[in-house]
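Here is a short tour of one chain, from its overall make-up to a few local details. Keep the structure in view as you read.

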Amino acid sequence: MPSADTSPVNFSMPDDRGPGFVRRLWGRWWIKALVVLAAIAAVGMGLLWLLVVRTLPSVDALRHYEPALPTNVRGIDGTPIRSYARERRVLLAYSEYPPLLVRAFLAAEDKTFFEHHGLDYPGLARAAWTGLTTGQTPRGTSTITQQVVKNLLVGAEASYSRKLKEAILAYKIEDTLTKQQILELYLNQIALGRNAFGVQAASYAYFGKELKDLGLAQMAYLAILPKGPSNYDPIRHTERALERRGYVLREMLKNGWISRGQYDGAMAEDLGTVPRQTPRREVEGAGYFVEEVRRQLIDKFGEKETDGPYSVYAGGLWVRTSLDPRIQKYAQDALRQGLLRFDRGRGWSGPIAHKEITAENWRGVFLNTNIALDYQDWRAAMVINKSRGEATIGFASGQTATMPRWAAQMPVRNVGGQAFNALQVGDIIAVAPAAGAPGDFALRAIPKISGGFVVEEPATGRVLAMQGGFDSRVQSFNRATQALRQPGSTIKPIVYAAALENGMTPASIIVDGPFCVFQGARLGNKCFRNFGGGGSGPHTMRWGVEQSRNLMTVRAAAQTGMPKVVKLMDRIGVGKYPSYLSFALGAGETTVSRMVNAYSILANQGRGHPATLIDFVQDRHGKVIWPDAWRSCDRCNARDWDGKAMPRPVIRGRQIVDAISAYQMVHIAEGVIQRGTATVLRDLDRPMFGKTGTNSGPTDVWFIGGTPQMIGGVYIGFDTPRSLGGSAQGGTIAAPIFKDWAEKAYEGLPKLPFQAPAGVRMVRIDRASGRPVYGAWPTSDPKAGVIWEAFKPESEQRRAIKRQTPEEMMAAAAAARAKAAAAAQRHSEQQRDSDFLQREGGIY
């Protein structure tokens, strides 16, 4: 029997897809082409990621994008004052944009915005083909999404690489943000000319009103501006703007977004734009104040966007200041009237400025100067043509007018001749409507003299008003904070406060007589003199302050020690001076702002606060970022009492001057108003202290003083110091300016006395001798012989006691019995100090 075949049986089929199959497949040309293309695509994608995608900015940042926003400044009551901006922008939510305006922009820029995914592929293909065939850089065809990318992420460089980045990011943005969010970014960010960024800002720039108040034709005009605002300027390119606006309206009609009636009505309208304007100022006359605020903010937060998130021109800060618009207006008016009063009749002081112009560019040159006036009906104008009998003048609005020769007849100061003959084309001058000649304007003279006025709240140090000259847009130099001047006799209350701190009293006797000091072999003797010359012998400190006696001041300073005097001047913030006696008479330079703060410290019982213009600063989200550790007073503005304890905001300060010494000085300086060098203020009829000042020359005249509610200070003088005239004095020039302000500023305020600190003793004294009085009482007569005087405990004079002879004792006993009998008869008429004080309402 044959043996069985035990070898394994192979049941597998031949594999036709082995190496032979792959070789046969690779041998086909189209397979090779596909592989090569895939490899090229992979390499291309890798290079694209390495060179482009990897370096692209993240689109996630757009979720929290914060564009540059202006800083908004408000007054003490929340009134808008000014904004600081290089890009005018107002942010709105998408829901706040009128639907018709959105459709106008879609018709002009991207009709298929809500259908595409960030890119207009047919448009891109056409742009690429045009670029390749013509050799020009491709332009146009950008969707709104691509414009957002260009404006916020990649810039506006005209190149293929930028277009590639723009396309990739546009696609990614569509995956990250909603269509509404993209449109919101676009409408808030787009540059539309006239320094307006965003549609809301453009609405103000071109039409002077909010978006919600615009008509269809005006919305369509705004929609054409992204293509190039200068191309569709409403004045220079009116026809081109109307043609492009018509295109937008036709597209809106074609897409069914407006009716035929709306279309016909809008097409019939003019552009209706307003002339280009300088930035709006909500509160006129606050220029010096807000410029000082701007300087402080820049010092604190920086100016540009690169300086940090809170920069002044991009951070969107909200700034609450202490400016009181009412008090500011009174200060501005009072200083201006005082300057004009002094300058009246002295002739024309020349043009405000001069610029080289042509007949075509005068308005642009004029606008770039930012010169304007807001005094009564005065206006700044530029001389654009001049003939023999009249001059043609132009205004910032673009309007022109005539100034006849007869309306510019005032003499030229220090030169002579008529002002009209001195006028030149390109001069910027002040004019006002000519009386009796409608349409004509007459020349006005800006005062050559200037000055500063500051008002401060002594309890807090908050500056309520600041005027640093006639007009900030004519004279930008702020004389309230930048002008260093000699304060003259206004320094004397600080000198005497140092004397009071070091043992003297208001009744101390000081000799008003010749006083000389030896200053060394090189300088020899220095002899001081009074303003009017001569001396009058010994008098009380009070009399010396009231009558502003120089010799008494330097004698008191010498007795106190000049090192102590200048140390107090430094502590109180007036300035750092060497310890020479001349500084006791105001030889050192300081500013009116510092002097007002020093007087505020005296009025606040010696407790000092730095003068501040800014209450607090908030970021764009409302968080207070300055001052540090700021705390709000939540219940301070409650409408009515809620039954709880009165909220008391924290007011920080430090004791700079002894409280009683400060009060004594204020009490003495009240006499300056009642019977001293500032009696012009006495008829204001309220508790007030102050001091006049007149320096050598005189080149400056001053007054500083006020009430417990407000302290004000004013000086006037030429910017380049020169004599004001021999008769010029603080009491006759500066004090009347303060009075003009005070009559309005204090109206309606309660007549509050200055409160005395604990420990003050009010003693009846003889005003002339300073000795205590026991048989008479002060009256309301300013020149009464008996007055109340403030003393520190146990510092007043005592009644003299001497040893009596027997005869004198018997006579005294008889007199005492007679006095007792008389006293019994008029017992009801007897008074004591406490009775008087109770009747007068207590000690103040």
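Helices here are DSSP runs of H or I with at least four residues, and they are numbered from the N terminus. The model is predicted.

**Helix 8 and its surroundings**

Start with helix 8, residues 199-207. The residue that follows helix 8 is G208, with a positive phi near 70 degrees. How many of the nine residues of helix 8 are buried? Eight are, so to be counted each has under 20% relative accessible area. They are V199, Q200, A201, A202, S203, A205, Y206 and F207. Their cover includes three helices: helix 3 (99-109), helix 7 (179-189) and helix 9 (216-224). F207 also belongs to a nonpolar core of 53 residues, which includes V148, L177 and L214 as well.

**The chain as a whole**

The chain has 844 residues, and 47% of them count as buried. It holds 24 helices and 24 strands. Take the contacts with a separation of 6 or more: 69% of them link residues 24 or more positions apart.

**The largest core**

In soluble globular proteins, nonpolar side chains tend to be buried together. The largest nonpolar core in this chain has 125 residues. Within that core, F453, F738 and W741 have the most contacts. Helix 21 (residues 659-675) supplies the largest share, with nine residues. The core of 53 residues lies apart from this one.

**A five-strand sheet and its helix**

Next comes an open sheet of five strands, with antiparallel pairing. Reading across, the order is 11-10-22-21-20. Strand 11 (462-467) and strand 20 (689-694) are the edges, and each pairs on one side only. On average, neighbouring strands are turned by 10 degrees against each other, direction ignored.

Helix 22 (residues 730-745) lies across four strands: strand 10, strand 20, strand 21 (700-706) and strand 22 (711-717). Against strand 21, helix 22 runs at about 40 degrees.

**Strand pairs**

Three antiparallel pairs are set out below, each with one pair of opposite residues.

| Strand pair | Bridges | Opposite residues |
|---|---|---|
| Strand 5 (residues 379-386) and strand 6 (residues 390-394) | four bridges | V383 and I393 |
| Strand 6 and strand 7 (residues 400-404) | five bridges | E390 and P404 |
| Strand 10 (residues 450-457) and strand 11 | five bridges | V454 and M466 |

Strand 6 takes part in two hairpins. With strand 5, strand 6 forms a hairpin that has three residues between the strands. With strand 7, five residues lie between the strands. The turn of that hairpin contains G398, which has a positive phi of about 100 degrees.

**Two helices side by side**

How do helix 10 and helix 11 run relative to each other: roughly parallel or roughly antiparallel? Helix 10 spans residues 238-254 and helix 11 spans residues 260-267. Their axes come within 10 Å and cross at roughly 175 degrees. Angles over 145 degrees count as roughly antiparallel, so helix 10 and helix 11 are roughly antiparallel to each other.

From helix 10, the contact uses R245, G246, L249, R250 and L253. From helix 11, it uses R260, Y263, A266 and M267. Sorted by class, five residues of this contact are nonpolar, three are charged and one is polar.

Terms used: Residues are numbered from 1 along each chain as its sequence is written. This is a predicted model: local features need pLDDT of at least 70, side-chain atom pairs count only at pLDDT 80 or more; totals for chains, interfaces and linings use all residues. Side-chain values use heavy atoms; hydrogens and water are left out. Two strands pair if DSSP finds at least two bridges between them. Axes are lines fitted to C-alpha atoms, for helices over the stretch in contact, and angles run from 0 to 180 degrees between N-to-C directions. Contact means heavy atoms within 4.5 Å. Angles under 35 degrees count as roughly parallel, over 145 as roughly antiparallel, 65 to 115 as roughly perpendicular and the rest as oblique. Ala, Val, Leu, Ile, Met, Phe, Trp, Tyr, Cys and Pro count as nonpolar, Asp, Glu, Lys and Arg as charged, and the others, Gly among them, as polar. A nonpolar core is a set of buried Ala, Val, Leu, Ile, Met, Phe, Trp, Tyr and Cys residues joined through side-chain atoms within 4.5 Å. Buried means under 20% relative accessible area, exposed over 50%, partly exposed in between (1.4 Å probe, protein chains only).
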